[in-house]
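This report covers helices, packing and charged pairs. Keep the sequence and the 3D view open while reading.

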Amino acid sequence: MSQAPVKTSGPPRESVFAERFGLFAECLLTGVWIALASLPLVTYPAAFAAGARHLRRRTEHQGGGWREFVADFRAAARRGWVVGVAGWVAAVAVWVDVQAVRAGIPGGPLVGAVGLFALIGLVVAGMRAAAVWEPDASWRVLLGAAGRRTVLDPAGSFLLVGGLVVVACSAWFVVPLAVPVLGAVAAAALAVEARGRRR
(Lines give C-alpha, C1' and ligand atoms only; values in the text may rest on other atoms or scores of the structure.)
Protein backbone atom coordinates (compact mmCIF):
# COMPACT_ATOMS: atom_id res chain seq x y z
CA MET A 1 0.00 0.00 0.00
CA SER A 2 1.31 3.42 -0.93
CA GLN A 3 1.24 6.09 1.70
CA ALA A 4 -0.39 9.46 1.05
CA PRO A 5 2.09 12.32 0.70
CA VAL A 6 2.65 14.27 3.88
CA LYS A 7 1.57 17.91 3.60
CA THR A 8 3.85 20.48 5.09
CA SER A 9 2.44 23.55 6.75
CA GLY A 10 3.57 27.10 6.07
CA PRO A 11 4.08 29.13 2.93
CA PRO A 12 6.06 27.57 0.08
CA ARG A 13 9.71 28.59 -0.03
CA GLU A 14 11.09 30.46 -3.02
CA SER A 15 13.68 28.79 -5.17
CA VAL A 16 17.26 29.96 -4.73
CA PHE A 17 17.15 31.60 -8.16
CA ALA A 18 13.92 33.46 -7.38
CA GLU A 19 15.27 34.63 -4.03
CA ARG A 20 18.54 35.91 -5.51
CA PHE A 21 16.82 37.57 -8.45
CA GLY A 22 14.40 39.21 -6.03
CA LEU A 23 17.32 40.55 -4.01
CA PHE A 24 18.98 41.87 -7.18
CA ALA A 25 15.76 43.66 -8.16
CA GLU A 26 15.51 45.07 -4.64
CA CYS A 27 19.07 46.40 -4.96
CA LEU A 28 18.18 48.24 -8.16
CA LEU A 29 15.05 49.74 -6.61
CA THR A 30 17.02 50.76 -3.52
CA GLY A 31 19.51 52.53 -5.78
CA VAL A 32 16.68 54.68 -7.11
CA TRP A 33 15.58 55.47 -3.55
CA ILE A 34 19.15 56.40 -2.56
CA ALA A 35 19.49 58.69 -5.58
CA LEU A 36 16.19 60.45 -4.84
CA ALA A 37 17.07 60.93 -1.17
CA SER A 38 20.49 62.31 -2.16
CA LEU A 39 19.06 65.14 -4.27
CA PRO A 40 19.54 67.76 -1.51
CA LEU A 41 23.31 67.01 -2.01
CA VAL A 42 24.23 66.95 1.69
CA THR A 43 21.97 64.00 2.48
CA TYR A 44 23.87 61.33 0.55
CA PRO A 45 25.33 59.65 3.70
CA ALA A 46 21.86 59.40 5.24
CA ALA A 47 20.41 58.09 1.97
CA PHE A 48 23.10 55.44 1.67
CA ALA A 49 22.62 54.43 5.32
CA ALA A 50 18.85 54.11 4.88
CA GLY A 51 19.35 52.10 1.69
CA ALA A 52 21.85 49.76 3.32
CA ARG A 53 19.55 49.23 6.30
CA HIS A 54 16.66 48.44 3.95
CA LEU A 55 18.75 45.83 2.15
CA ARG A 56 19.90 44.40 5.48
CA ARG A 57 16.27 43.89 6.46
CA ARG A 58 15.62 42.24 3.09
CA THR A 59 18.52 39.80 3.46
CA GLU A 60 17.37 38.95 6.99
CA HIS A 61 13.84 38.25 5.66
CA GLN A 62 12.29 41.07 7.69
CA GLY A 63 9.51 43.31 6.49
CA GLY A 64 10.12 46.80 5.23
CA GLY A 65 9.50 49.04 2.28
CA TRP A 66 9.39 52.67 1.24
CA ARG A 67 7.93 53.91 4.56
CA GLU A 68 10.66 52.24 6.60
CA PHE A 69 13.28 53.62 4.22
CA VAL A 70 11.92 57.15 4.68
CA ALA A 71 11.85 56.75 8.48
CA ASP A 72 15.46 55.53 8.47
CA PHE A 73 16.46 58.36 6.13
CA ARG A 74 14.97 60.99 8.44
CA ALA A 75 16.70 59.49 11.46
CA ALA A 76 20.06 59.27 9.65
CA ALA A 77 19.77 62.80 8.22
CA ARG A 78 19.45 64.42 11.67
CA ARG A 79 23.24 64.26 12.08
CA GLY A 80 24.20 62.76 8.75
CA TRP A 81 23.87 66.08 6.89
CA VAL A 82 26.99 67.26 8.76
CA VAL A 83 28.87 64.28 7.33
CA GLY A 84 27.56 65.23 3.90
CA VAL A 85 28.84 68.80 4.25
CA ALA A 86 32.24 67.52 5.42
CA GLY A 87 32.40 65.25 2.37
CA TRP A 88 31.80 68.19 0.03
CA VAL A 89 34.46 70.23 1.83
CA ALA A 90 36.95 67.38 1.33
CA ALA A 91 36.00 67.14 -2.35
CA VAL A 92 36.59 70.89 -2.82
CA ALA A 93 39.97 70.60 -1.08
CA VAL A 94 41.00 67.81 -3.48
CA TRP A 95 39.78 69.89 -6.44
CA VAL A 96 42.05 72.73 -5.25
CA ASP A 97 44.94 70.23 -5.06
CA VAL A 98 44.26 69.12 -8.63
CA GLN A 99 44.28 72.75 -9.77
CA ALA A 100 47.64 73.17 -8.06
CA VAL A 101 48.95 70.19 -10.02
CA ARG A 102 47.72 71.70 -13.29
CA ALA A 103 49.27 75.06 -12.45
CA GLY A 104 52.68 73.40 -12.11
CA ILE A 105 53.25 74.40 -8.48
CA PRO A 106 56.35 72.62 -7.06
CA GLY A 107 55.30 69.50 -5.17
CA GLY A 108 51.85 69.72 -6.75
CA PRO A 109 51.74 66.14 -8.12
CA LEU A 110 52.59 64.67 -4.72
CA VAL A 111 50.03 66.83 -2.92
CA GLY A 112 47.41 66.01 -5.56
CA ALA A 113 48.03 62.26 -5.32
CA VAL A 114 47.89 62.32 -1.51
CA GLY A 115 44.69 64.36 -1.59
CA LEU A 116 43.05 62.02 -4.10
CA PHE A 117 43.93 58.89 -2.13
CA ALA A 118 42.73 60.54 1.08
CA LEU A 119 39.40 61.42 -0.56
CA ILE A 120 38.96 57.83 -1.80
CA GLY A 121 39.72 56.55 1.71
CA LEU A 122 37.17 58.95 3.22
CA VAL A 123 34.50 57.85 0.74
CA VAL A 124 35.13 54.17 1.49
CA ALA A 125 35.07 54.82 5.24
CA GLY A 126 31.80 56.71 4.82
CA MET A 127 30.27 53.81 2.91
CA ARG A 128 31.40 51.33 5.54
CA ALA A 129 30.00 53.51 8.32
CA ALA A 130 26.67 53.89 6.52
CA ALA A 131 26.45 50.13 5.95
CA VAL A 132 26.36 49.46 9.72
CA TRP A 133 24.32 52.53 10.70
CA GLU A 134 21.48 52.08 13.19
CA PRO A 135 18.99 54.77 14.32
CA ASP A 136 20.64 55.26 17.72
CA ALA A 137 24.23 55.23 16.41
CA SER A 138 26.63 58.19 16.49
CA TRP A 139 28.08 59.12 13.10
CA ARG A 140 31.35 60.13 14.75
CA VAL A 141 31.78 56.73 16.38
CA LEU A 142 30.73 54.91 13.21
CA LEU A 143 33.18 56.88 11.05
CA GLY A 144 36.05 56.34 13.48
CA ALA A 145 35.52 52.58 13.52
CA ALA A 146 34.95 52.51 9.74
CA GLY A 147 38.22 54.38 9.18
CA ARG A 148 40.09 51.68 11.09
CA ARG A 149 38.34 48.93 9.12
CA THR A 150 39.17 50.72 5.87
CA VAL A 151 42.88 50.53 6.69
CA LEU A 152 42.90 47.09 8.34
CA ASP A 153 40.76 45.41 5.64
CA PRO A 154 42.31 46.60 2.35
CA ALA A 155 40.67 43.80 0.34
CA GLY A 156 37.19 44.90 1.40
CA SER A 157 38.10 48.53 0.78
CA PHE A 158 39.31 47.73 -2.75
CA LEU A 159 36.02 45.93 -3.43
CA LEU A 160 34.14 49.10 -2.53
CA VAL A 161 36.45 51.20 -4.69
CA GLY A 162 35.62 48.80 -7.52
CA GLY A 163 31.92 49.41 -6.89
CA LEU A 164 32.47 53.15 -7.14
CA VAL A 165 34.34 52.65 -10.42
CA VAL A 166 31.35 50.69 -11.77
CA VAL A 167 29.03 53.57 -10.81
CA ALA A 168 31.37 56.08 -12.49
CA CYS A 169 31.62 53.98 -15.67
CA SER A 170 27.85 53.52 -15.75
CA ALA A 171 27.38 57.28 -15.47
CA TRP A 172 29.97 57.81 -18.19
CA PHE A 173 28.17 55.56 -20.69
CA VAL A 174 24.53 56.08 -19.70
CA VAL A 175 23.85 58.50 -16.85
CA PRO A 176 20.52 56.97 -15.68
CA LEU A 177 22.22 53.56 -15.39
CA ALA A 178 24.31 54.81 -12.47
CA VAL A 179 21.19 55.37 -10.36
CA PRO A 180 20.12 51.73 -9.80
CA VAL A 181 23.76 50.65 -9.54
CA LEU A 182 23.95 52.63 -6.27
CA GLY A 183 21.82 49.93 -4.66
CA ALA A 184 24.28 47.27 -5.76
CA VAL A 185 27.09 49.29 -4.17
CA ALA A 186 25.09 49.48 -0.93
CA ALA A 187 24.70 45.69 -1.05
CA ALA A 188 28.45 45.37 -1.65
CA ALA A 189 29.13 47.52 1.43
CA LEU A 190 26.87 45.23 3.48
CA ALA A 191 28.69 42.17 2.17
CA VAL A 192 32.11 43.68 2.95
CA GLU A 193 31.06 44.49 6.51
CA ALA A 194 29.52 41.02 7.02
CA ARG A 195 32.70 39.45 5.67
CA GLY A 196 34.77 41.49 8.13
CA ARG A 197 32.64 40.33 11.08
CA ARG A 198 33.05 36.68 10.11
CA ARG A 199 36.86 36.87 9.97
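## Trp-133 and its contacts

The model is a predicted one. Start at Trp-133. Leaving out residues up to four places away in sequence, Trp-133 touches Ala-49, Arg-53, Arg-56, Asp-72, Ala-75, Ala-76, Trp-139 and Leu-142.

Two of these partners, Arg-56 and Asp-72, return below as salt-bridge residues: Arg-56 pairs with Glu-134, and Asp-72 pairs with Arg-57.

## The nonpolar core

Which residues touch the most other members of the largest nonpolar core? They are Phe-48, Trp-133 and Trp-139, in a core of 36 residues. Seven named helices each give two or more residues to this core: α1 (16–37), α2, α3 (66–103), α4, α5 (139–152), α6 (154–173) and α7 (178–198).

In soluble globular proteins, nonpolar side chains tend to be buried together.

## Helix α2

Helix α2 covers residues 44–59. Its 16 residues should span 22 Å at 1.5 Å a residue, and the end C-alpha atoms are 22 Å apart, so the two values agree. The helix is mostly covered, with 13 of the 16 residues buried. Just after α2, His-61 has a positive phi of about 60 degrees.

His-54 lies in α2. Is His-54 buried or exposed? His-54 counts as buried because its relative accessibility is 2%, below the 20% cut-off. Its contacts, leaving aside neighbours within four places in sequence, are Glu-26, Thr-30, Trp-33, Gly-64 and Gly-65.

## Helix α4

Helix α4 runs through residues 108–131, 24 in total. From first to last C-alpha it reaches 34 Å, close to the 34 Å expected at 1.5 Å a residue.

Its buried residues include four alanines: Ala-125, Ala-129, Ala-130 and Ala-131. Gly-108, Gly-112 and Gly-115 are buried too. The list also holds Leu-119, Val-124, Met-127 and Arg-128.

## Salt bridges around α2

The structure holds 8 salt bridges. One of them joins Glu-134 to Arg-56, with the closest N and O atoms 2.7 Å apart. This pair links distant parts of the chain: Glu-134 sits in the loop between α4 and α5, Arg-56 in α2, 78 residues apart. Glu-134 counts as partly exposed because its relative accessibility is 30%, which lies between the 20% and 50% cut-offs. Arg-56 is buried, with a relative accessible area of 15%.

Arg-57 and Asp-72 also meet through their side chains in a salt bridge, at 2.9 Å from N to O. Arg-57 is in α2 and Asp-72 is in α3, 15 residues apart. Both residues are buried.

## A bridge between α5 and α7

Arg-149 forms a salt bridge with Glu-193, and the closest N and O atoms are 2.7 Å apart. Arg-149 lies in α5 and Glu-193 in α7, so the pair ties together parts that are 44 residues apart in sequence. The two partners differ in cover. Arg-149 counts as partly exposed, at 26% relative accessibility, whereas Glu-193 is buried, with a relative accessible area of 5%.

Which residues do salt bridges with shared partners join into one network? They are Arg-53, Arg-56, Arg-57, Asp-72 and Glu-134. Among these network members, Arg-53, Arg-56 and Asp-72 are also contacts of Trp-133.

Terms used
Residues numbered from 1 in each chain as written. Predicted model: local features only at pLDDT ≥ 70, side-chain atom pairs only at ≥ 80, totals over all residues. Heavy atoms only, no water. Buried < 20%, exposed > 50% of the residue type's maximum accessible area, 1.4 Å probe, protein only. Contact = heavy atoms within 4.5 Å. Expected span 1.5 Å × (residues − 1). Core = buried A, V, L, I, M, F, W, Y, C linked by side-chain atoms within 4.5 Å. Salt bridge = Lys/Arg side-chain N within 4 Å of Asp/Glu carboxyl O.
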